[in-house]
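Student: I'd like to talk through the holes inside this protein. Can you show me the structure so we can start?

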Amino acid sequence: MIRLLGTTYKDDEVLLFYSYTKLIKNFFKIITSSDGFEFNGSSKYVIVTDAKGREEPKYDWARFSLVKQKNGYVATYKINGKGFNNLNVVQSKEMLRWTKLGKVENISEIGSIVPEYQNKNRYAMYFGEHDIKLAYSSQFTTWKINDKPLLEKREDKFDNGALEVGKVFIQKDHILVFYYAKKTQKDRNYYAVGAAGFDKKDPTKLLWRLDKPLWEVPEHLQREDVRPLGVEMLEDKCILYWIVNGESVYAVSTPLPPSGNLNDKHFFIFLKKHEQNPIITPNPANKWESRATFNSAALYEDGKVHFVYRALGDSDLSVLGYATSKDGIHIDERSDEPIYI
């Protein structure tokens, strides 16, 4: 059985970490993808040992969160199937050979260390499975916890349940924290993905927080067992990875969260309806589109926007109409007859 552990991004490739058992021996491997969706690149073995050089006997891990640091890489993870399960930390110089640094004695929740970052000569880690907090450390295994939660559930928003930390990234002018808003119904968890920005000078200071989810598990997957696997940021998008029924990887691309000077900005939604809507309305003069016009497909080509829209007329028959616009708002041409019946 393959266990999907986590993801990371290195040298323009997404790396997927997984383990499996063969002839009673457990193996740990990585496979690469150049586009973040097709993992058909090279596969390599990974070895994790303790301070005495003894290899990890069983890679039954979950929520493997890996980040780059000044002298290599550091990752946190939890072990499957344990009640009180402390966060574990491993370290590597090149991702193929890892050394266990030990357990974090005072943290038993999922954590993600801020990559290539220190605040007052201390590393920072956002962690949590109910609300999201911050902890500081000088050597990765002993962490001092900031008492006050930084992100809590919001009763009137999408994230009105338990919050789990996802992954943390350093941006030009803020620390970007992805998190999962989790709701449990009938022994099944449902997730939505949120994002928030924190001040790099003071990682406890919240600069912004999205009021809408970046993505949430769609209806066709809500009967499946869908769990978080990882978040990676590419040049023009971020990719969210999920484990479906414990054996398949589901990946979805979303827009990058906002960037720039965010200190005095608030973000509610990526798209805003134009004030001149609707731009295509029913035409009583045409019997085939006299009652209703519905959402249109749109294509920009040869200097204008081409619309193909569904319409309903006197006979209650759905047909397709056609219109064009030079600016995408004001209709310049509109067909008198349906283009498809």
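**Inside the cavities**

Tutor: Here it is, and keep in mind that this is a predicted model. The second largest cavity has a volume of about 40 Å³.

Student: Why is that space called a cavity?

Tutor: Because a 1.4 Å probe fits there but cannot get out, which is what the word cavity means here.

Student: What makes R188 a lining residue of the second largest cavity?

Tutor: A lining residue has an atom within 4 Å of a cavity point. R188 is on the list for the second largest cavity, along with N189, Y190, Y191, V217, L221, Q222, E224 and V226, so R188 has such an atom. Strand β15 (residues 188-198) gives the most to this lining, with 4 residues.

Student: What is the make-up of that lining by class?

Tutor: There are 5 nonpolar, 2 polar and 2 charged residues. Tyr counts as nonpolar, so Y190 and Y191 go in the nonpolar class.

Student: How many cavities of 30 Å³ or more does a search of the whole structure find?

Tutor: It turns up 2, and the largest has a volume of about 130 Å³. Of the 17 residues lining the largest cavity, the closest to its centre are F64, S65, G166, L229 and G230.

Student: Which element gives the most to the lining of the largest cavity?

Tutor: That's β18, with 5 residues.

Student: And what makes G166 polar in the class count?

Tutor: Gly is counted among the polar residues, so G166, which lines the largest cavity, is polar by that rule. The full lining there has 8 nonpolar, 6 polar and 3 charged residues.

Conventions: Residues numbered from 1 in each chain as written. Predicted model: local features only at pLDDT ≥ 70, side-chain atom pairs only at ≥ 80, totals over all residues. Heavy atoms only, no water. 1 Å grid on protein atoms, 1.4 Å probe; cavity = no way out; pocket = protein on both sides within 12 Å on 5 of 7 lines; lining within 4 Å. Points joined across faces, edges and corners; volume = space filled by probe spheres on them. Helix = DSSP H or I, 4+ residues; strand = E, 2+ residues; numbered from the N terminus.
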